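Here are a few exercises to work through with the model open in your viewer. Try each task before you read its solution.

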Amino acid sequence: MRARSKRYTKLRKMVDTTKHYQLGEAVAMLKNFATTKFDQTVNLSIELGIDTKKSDQMVRGSISLPKGIGKSKKVVVFAEGDDAKTARDAGADMVGSEDLVKKILEGWTDFDVAIAMPYMMKHVGKLGKTLGPQGKMPSPKSGTVTEDIKNAVREFKAGKIEYRADATGA
């Protein structure tokens with residue numbers, strides 16, 4: 001049997017494993033457990049009991065957290081002309097069009113979110129094999145292909161996060 005630390009065994013005694021805790025009660029309990037000298041994170045998994053193979057049961061969206069996620073995201077924008085200036089003014093880290101597409105095709109992916117204007121998708125489409133597996137490909141469903149570039153950049157810089165149901169329905 002694996003040996004456990006004194007801290008773990010002490011905290012383990014404070015939890016009743018047979019009881020289901022309400023969300024507020026569980027968060028309060030977690031705050032009492034915080035004895036480390038660094039900021040801890042908590043992953044929340046919820047079993048929804050859905051069948052993800054059925055399109056009407058898909059759970060997907062995004063939410064802007066009131067206090068952000070604690071760090072700023074690097075946002076790149078695919079736009080030209082006045083839209084590019086608007087994106088720079090909104091706080092985008094890098095703005096470009098075909099030149100930015102070329103840079104990414106050469107291997108540069110040092111950013112967190114890619115946002116595109118709809119008219120730029122003919123150029124951005126070439127990046128599907130590069131950005132798709134990384135989850136960075138702009139799409140209308142996730143709100144990263146939009147006409148309102150100013151609000152999109154501000155939301156993602158502030159800490160907008162995306163969520164979706166995985167293959168297990170959790």
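Two strands count as paired if DSSP finds at least two bridges between them. Helices (H or I, at least four residues) and strands (E, at least two) are DSSP runs, numbered from the N terminus. One heads-up: this is a predicted model, so local features need pLDDT of at least 70 and side-chain atom pairs count only at pLDDT 80 or more, while totals for chains, interfaces and linings use all residues. Residues are numbered from 1 along each chain as its sequence is written, and side-chain values use heavy atoms, with hydrogens and water left out.

**Exercise 1. Work out the order of the strands in the open sheet, and what packs on it.**

Step 1. Start with a pair: strand S2 (residues 75-78) runs parallel to S4, and four bridges connect them. Within this pair, Val77 sits opposite Ile115 of S4.

Step 2. Now add the third strand. The order is S3-S2-S4, with parallel pairing in an open sheet. Strand S3 (94-96) and strand S4 (113-116) are at the edges with a single partner strand each, so each has one side without a neighbour in the sheet. From one strand to the next, the twist averages 20 degrees; axes are lines fitted to C-alpha atoms (for helices, over the stretch in contact), and angles run from 0 to 180 degrees between N-to-C directions.

Step 3. Look for a helix on the sheet. Helix H7 (residues 149-158) packs there and touches S2 and S4, where contact means heavy atoms within 4.5 Å. The direction of H7 makes about 170 degrees with that of S4.

**Exercise 2. Find three of the salt bridges and say how exposed their partners are.**

Step 1. Set the rules. A salt bridge is a side-chain nitrogen of Lys or Arg within 4 Å of a carboxyl oxygen of Asp or Glu; that gives a count of five. Buried means under 20% relative accessible area, exposed over 50%, and partly exposed in between (1.4 Å probe, protein chains only).

Step 2. Take Lys74 and Asp110, whose closest N and O atoms are 3.1 Å apart. Lys74 lies in the loop between strand S1 (60-64) and S2, and Asp110 in the loop between helix H4 (98-105) and S4, so this pair, 36 residues apart, links distant parts of the chain. Lys74 is partly exposed at 37%, and Asp110 is partly exposed at 46%.

Step 3. Go to helix H3 (residues 82-90), where Asp89 and Lys85 are four residues apart, about one helical turn. Their salt bridge has an N to O distance of 3.2 Å. Asp89 is exposed at 56%, whereas Lys85 is partly exposed at 49%.

Step 4. Finish with Lys160 and Glu155, at 3.0 Å between the closest N and O atoms. Here Lys160 is buried at 11%, while Glu155 is partly exposed at 32%.

**Exercise 3. What is the radius of gyration of the protein, and what would a compact globule have?**

Step 1. Apply the globule rule, 2.2 Å times the number of residues to the power 0.38, with the radius taken over C-alpha atoms. For 170 residues, a compact globule would come out near 15 Å, but the protein has 21 Å.

Step 2. Check the box: along the principal axes, the C-alpha atoms fill roughly 60 × 40 × 30 Å.

Step 3. Add burial: 27% of the 170 residues are buried.
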